[in-house]
Amino acid sequence: MAEGDVRWTMHDGERVEVPATIGGIRAALSGERRAQFDAANVDDLYSLVRRWIVELASFQMFAQLREQGAA
C-alpha cells in the first residue's frame with residue numbers, strides 16, 4: 001500500500017498497518033464481505049465499515065492481513 005493509504009495500531013505489542021482508504025478496505029475484505037460492501041448504499045456503508053473494523057480487531061483478522069501483506 002502507498003504511504004497515506006494505511007493507518008497503524010498496536011496489537012499484542014506489535015505495530016499493525018490497516019487500510020485507510022475505501023479502496024484499501026474493500027480490497028482487504030473477504031469475498032462475502034466485499035459483495036456486501038459493493039451492494040451497500042451510502043446509508044449502509046458506515047455500518048459495514050464499522051463492522052469490518054470490529055472484525056479487524058480480532059487476532060484472526062490481523063493474522064490474515066499479515067499473511068496477505070496488508071499488515
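Helices here are DSSP runs of at least four residues and strands are runs of at least two, both numbered from the N terminus. In this predicted model, the order along the sequence is β-β-α-α-α-α. That gives 2 strands and 4 helices.

**Confidence**

Mean pLDDT for the chain is 77. A score of at least 70 is reached by 80% of the residues. Among the elements, the two extremes are both helices.

| Helix | Residues | Mean pLDDT | Rank among elements |
|---|---|---|---|
| H2 | 31–39 | 88 | highest |
| H4 | 59–68 | 69 | lowest |

Where pLDDT is low, predicted coordinates should not be read in detail.

**Burial and surface**

The chain has 71 residues, and 25% of them are buried. About 4,900 Å² is exposed, with 52% of that area supplied by carbon and sulfur atoms. Of the contacts with a separation of 6 or more, 32% join residues 24 or more positions apart.

**The cavity**

The count of cavities of 30 Å³ or more is 1. The largest cavity holds about 80 Å³ of space. Which residues line the largest cavity? They are Ile25, Leu29, Arg33, Gln36, Phe37, Leu48, Val49, Arg51, Trp52 and Glu55. By class, 6 are nonpolar, 3 are charged and 1 is polar.

Helices H2 and H3 (42–56) each contribute at least two lining residues. H3 gives the largest share, 5 residues. H2, the other contributor named here, is also the element with the highest mean pLDDT.

Key
Residues are numbered from 1 along each chain as its sequence is written. This is a predicted model: local features need pLDDT of at least 70, side-chain atom pairs count only at pLDDT 80 or more; totals for chains, interfaces and linings use all residues. Side-chain values use heavy atoms; hydrogens and water are left out. pLDDT is the predictor's confidence in each residue, from 0 to 100. Buried means under 20% relative accessible area, exposed over 50%, partly exposed in between (1.4 Å probe, protein chains only). Contact means heavy atoms within 4.5 Å. Accessible areas come from the Shrake-Rupley method with a 1.4 Å probe; for residues, only the protein chains shown count as cover. On a 1 Å grid over the protein atoms alone, a cavity is a set of points where a 1.4 Å probe fits but cannot get out, and a pocket is an open set with protein on both sides within 12 Å along at least five of seven lines; lining residues have an atom within 4 Å of a point. Grid points are joined across faces, edges and corners, and a volume is the space filled by probe spheres set on the points. Ala, Val, Leu, Ile, Met, Phe, Trp, Tyr, Cys and Pro count as nonpolar, Asp, Glu, Lys and Arg as charged, and the others, Gly among them, as polar.
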